[in-house]
Amino acid sequence: QGGPGALISQRERGLYAQCWALADTASQGRVGGLQAVNFLSTSGLDRKVLKQIWDIADSAVTGFLGPDEFSIALRLVAHAQAGRPMSP
């Protein structure tokens, strides 16, 4: 209900799926911290902000993101870039 993954549009889902394909280079169905940092760093956001995004997206503290969590991270990146607040 109302979390960062709520109400992701079909357009966003398509874009996030393309980004997922680029980030999940080993086709493992998950992206580890290093892969995620490398990909999300291209956003130009500060590492501190990226850490906050990771902490929200990896709420289960698994050390990796699946496609749904990755989509949440990408949406949070967009929010941070637009100066909007990030919240779980």
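Student: In what order do the elements of the protein run from the N terminus on?

Tutor: From the N terminus on, the order is α-β-α-α-β-α, and the protein has 4 helices and 2 strands. Please keep in mind that this is a predicted model, and that the values we discuss are computed from it.

Student: What share of the residues count as buried?

Tutor: Of the 88 residues in the protein, 35% count as buried. The accessible surface comes to about 5500 Å², and carbon and sulfur atoms account for 55% of that surface.

Student: And how much of the contact set with a separation of 6 or more is between residues 24 or more positions apart?

Tutor: Such pairs, 24 or more positions apart, make up 57% of the contacts in the protein that have a separation of 6 or more.

Student: Okay, the core then. Which residues in the largest nonpolar core touch the most other members?

Tutor: The largest nonpolar core has 23 residues, and those touching the most other members are Phe-39, Leu-40, Ile-53, Phe-70 and Leu-74. At least two residues of this core come from each of helix 1, helix 2 (33-40), helix 3 (47-57) and helix 4.

Student: Which helix gives the most to this core?

Tutor: That is helix 4, which supplies 7 residues to the core.

Student: Let me stay with Leu-74. What is Leu-74 in contact with, leaving aside its neighbours within four places in sequence?

Tutor: With those neighbours set aside, Leu-74 is in contact with Tyr-16, Cys-19, Phe-39 and Leu-40. Phe-39 and Leu-40 are also among the core residues that touch the most other members, while Tyr-16 and Cys-19 appear, together with Leu-74, in the lining of the largest pocket.

Student: Good, the pocket was my next topic. What is the volume of the largest pocket, and which residues line it?

Tutor: The volume of the largest pocket is about 190 Å³, and the lining consists of Arg-11, Glu-12, Leu-15, Tyr-16, Cys-19, Leu-74, Arg-75, Ala-78 and His-79. The elements that contribute two or more residues to this lining are helix 1 (10-23) and helix 4 (67-81).

Student: Which element has the largest share of that lining?

Tutor: Helix 1 has the largest share, with 5 residues of the lining.

Student: How does the lining split by class?

Tutor: By class, the lining of the largest pocket has 5 nonpolar residues, 1 polar residue and 3 charged residues.

Student: Switching to backbone angles: which sign of phi do most residues other than glycine have?

Tutor: Most residues other than glycine have a negative phi. Here, Ser-27 has a positive phi near 50°, and Val-61, which is not a glycine either, has a positive phi of about 55°.

Student: Where does Ser-27 lie, and where does Val-61 lie?

Tutor: Ser-27 is in the loop between helix 1 and strand 1 (31-32), whereas Val-61 is in the loop between helix 3 and strand 2 (64-65).

Student: Is Ser-27 buried or exposed, and why?

Tutor: Ser-27 counts as exposed because its relative accessibility is 62%, and the cut-off for exposed is over 50%. Val-61 is exposed as well, with a relative accessible area of 69%.

Student: Now helix 3. Why does Ile-56 count as buried?

Tutor: Ile-56, which is found in helix 3, counts as buried because its relative accessibility is 19%, and buried means under 20%. In space, Ile-56 and Glu-69 are 8.9 Å apart, C-alpha to C-alpha, with their positions 13 residues apart in sequence as the separation.

Student: What about Val-49, and what is Val-49 in contact with?

Tutor: Val-49 also belongs to helix 3, and Val-49 is partly exposed, with a relative accessible area of 22%. Leaving aside neighbours within four places in sequence, Val-49 is in contact with Ala-80 and Met-86. Val-49 and Val-77 are 28 residues apart in sequence, and their C-alpha atoms are 8.7 Å apart.

Student: Last one, helix 2: how exposed are Leu-34 and Val-37?

Tutor: Leu-34 lies in helix 2 and is exposed, at a relative accessible area of 65%. Val-37, in helix 2 too, is partly exposed, at 32%. From C-alpha to C-alpha, Leu-34 is 9.2 Å from Phe-64, and Val-37 is 8.8 Å from Trp-54.

Terms used. Residues are numbered from 1 along each chain as its sequence is written. This is a predicted model: local features need pLDDT of at least 70, side-chain atom pairs count only at pLDDT 80 or more; totals for chains, interfaces and linings use all residues. Side-chain values use heavy atoms; hydrogens and water are left out. On a 1 Å grid over the protein atoms alone, a cavity is a set of points where a 1.4 Å probe fits but cannot get out, and a pocket is an open set with protein on both sides within 12 Å along at least five of seven lines; lining residues have an atom within 4 Å of a point. Grid points are joined across faces, edges and corners, and a volume is the space filled by probe spheres set on the points. Ala, Val, Leu, Ile, Met, Phe, Trp, Tyr, Cys and Pro count as nonpolar, Asp, Glu, Lys and Arg as charged, and the others, Gly among them, as polar. Buried means under 20% relative accessible area, exposed over 50%, partly exposed in between (1.4 Å probe, protein chains only). Contact means heavy atoms within 4.5 Å. Accessible areas come from the Shrake-Rupley method with a 1.4 Å probe; for residues, only the protein chains shown count as cover. A nonpolar core is a set of buried Ala, Val, Leu, Ile, Met, Phe, Trp, Tyr and Cys residues joined through side-chain atoms within 4.5 Å.
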